[in-house]
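Grab a coffee and work through these exercises with the model open beside you. Each one sets a task and then walks through a solution.

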Amino acid sequence: MTSVEEPARSNGRIRDAARTQAEILDVATGEFARAGFDGARVDEIAARTRTTKRMIYYYFGGKEQLFTAVLERAYGVIREAEQRLDVEHLDPVAAIRRLAEVTFDHHERHPDFIRLVSIENIHGAEHIAASEKLGRMGSPALDVIRRILAAGQESGLFTADVDAVDLHAMISSFCFFRVSNRHTFGALFGRDLVDPGRRGHYRAMLGDMVIAYLTAERAAG
């Protein structure tokens, strides 16, 4: 009987630890996104979870490591979305539009991710650079983009000789700006970039912009 109960208790402890860590990461994501790395307080994170500051240090090691874990999870979410992207059955134009839409949708649904990336840029990407996990993660989207570009150029649909990283930056920059600069842009120009009534317009505009770039005639020399 004891031999059966011991593994059961062990599995229960593992599940409890996993739930606790997930809860800490949920709260820490909101706290870092709200207050920044310097402004966030581990005491505040502990107070909003069913654990203690001591347990946060036990699981993550400290504030620096906790912020790194938050970044790793946030980037992991978008990498998983990229891995699930299925465009092999689409022609190159439809495929690149679909990829742009996936990035658009993800950034819109995850404003905390946008804030976290902005904060990490303020800190010179030091946490990302020190993370082995993020270093191994790469970007599945780049492989997809390379395949789409190759197919588009081979078929003659794409006339531009475009680097996959440059195209990724082009798509990401529009999606990122729309969320990160929503308030300043709205204050200056009186337009809310994430207004649900204009969502379809901006989503289509992104795809049109990317396709126009890829299919534009280039002047010789």
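Throughout, two residues are in contact when they have heavy atoms within 4.5 Å of each other. This is a predicted model, in which local features need pLDDT of at least 70 and side-chain atom pairs count only at pLDDT 80 or more, while totals for chains, interfaces and linings use all residues. Residues are numbered from 1 along each chain as its sequence is written, and side-chain values use heavy atoms, with hydrogens and water left out.

**Exercise 1. V117 and its surroundings**

Task: find the helix that holds V117, decide whether V117 is buried or exposed, and list its contacts beyond four places in sequence.

Solution:
- Step 1. V117 sits in helix α6; helices here are DSSP runs (H or I, at least four residues; strands are E, at least two), numbered from the N terminus.
- Step 2. The relative accessible area of V117 is 10%, so V117 is buried (buried is under 20%, exposed over 50%, partly exposed in between, with a 1.4 Å probe and protein chains only).
- Step 3. With neighbours up to four places away set aside, V117 contacts Y75 and F176.
- Step 4. For a distance check, V117 and A81 are 36 residues apart in sequence, and their C-alpha atoms are 17 Å apart.

**Exercise 2. How α4 meets α6**

Task: describe the crossing of α4 and α6, then say which residues make the contact.

Solution:
- Step 1. The axes of α4 (residues 63-84) and α6 come within 11 Å and cross at roughly 130°. Axes are lines fitted to C-alpha atoms, for helices over the stretch in contact, and angles run from 0 to 180 degrees between N-to-C directions.
- Step 2. The two helices, α4 and α6, are therefore oblique to each other (under 35 degrees is roughly parallel, over 145 roughly antiparallel, 65 to 115 roughly perpendicular, and the rest oblique).
- Step 3. The crossing of α4 and α6 is left-handed: the near helix is turned anticlockwise from the far one by less than a right angle, whereas clockwise would be right-handed.
- Step 4. From α4 come F67, V70, L71, A74 and Y75, and from α6 come F113, L116, V117, I119 and E120.
- Step 5. Sorted by class, the contact of α4 with α6 has nine nonpolar, no polar and one charged residues. Ala, Val, Leu, Ile, Met, Phe, Trp, Tyr, Cys and Pro count as nonpolar, Asp, Glu, Lys and Arg as charged, and the others, Gly among them, as polar.

**Exercise 3. Another partner for α6**

Task: work out how α5 is oriented against α6.

Solution:
- Step 1. The axes of α5 and α6 come within 4 Å, with a crossing angle of roughly 85°.
- Step 2. α5 is therefore roughly perpendicular to α6.
- Step 3. On the α5 side, H106, H107, E108 and R109 meet P111, F113 and I114 of α6.
- Step 4. The contact of α5 with α6 has three nonpolar, two polar and two charged residues.

**Exercise 4. The pair α10 and α12**

Task: how are α10 and α12 oriented to each other, and which residues join them?

Solution:
- Step 1. Helix α10 (residues 164-180) packs on helix α12 (residues 199-215) at about 160°, with the axes 11 Å apart.
- Step 2. At that angle α10 is roughly antiparallel to α12.
- Step 3. α10 and α12 make a right-handed crossing.
- Step 4. α10 supplies L167, M170, I171, F174, C175 and R178, while α12 supplies R199, Y202, M205, L206, M209, V210, Y213 and L214.
- Step 5. The class count for α10 with α12 is 12 nonpolar, no polar and two charged residues.

**Exercise 5. E23, S131 and E101**

Task: place E23, S131 and E101 in the fold.

Solution:
- Step 1. E23 lies in helix α1 (residues 2-39) and is buried at 19% relative accessibility. Beyond four places in sequence, E23 touches R48, T49 and R50.
- Step 2. S131 belongs to the loop between α7 and α8 (132-137) and is buried, with a relative accessible area of 6%. Outside four places in sequence, S131 touches T68 and E72.
- Step 3. E101 is part of helix α5 (residues 92-109) and is buried at 17% relative accessible area. E101 and R203 are 102 residues apart in sequence, but their C-alpha atoms are 6.5 Å apart.
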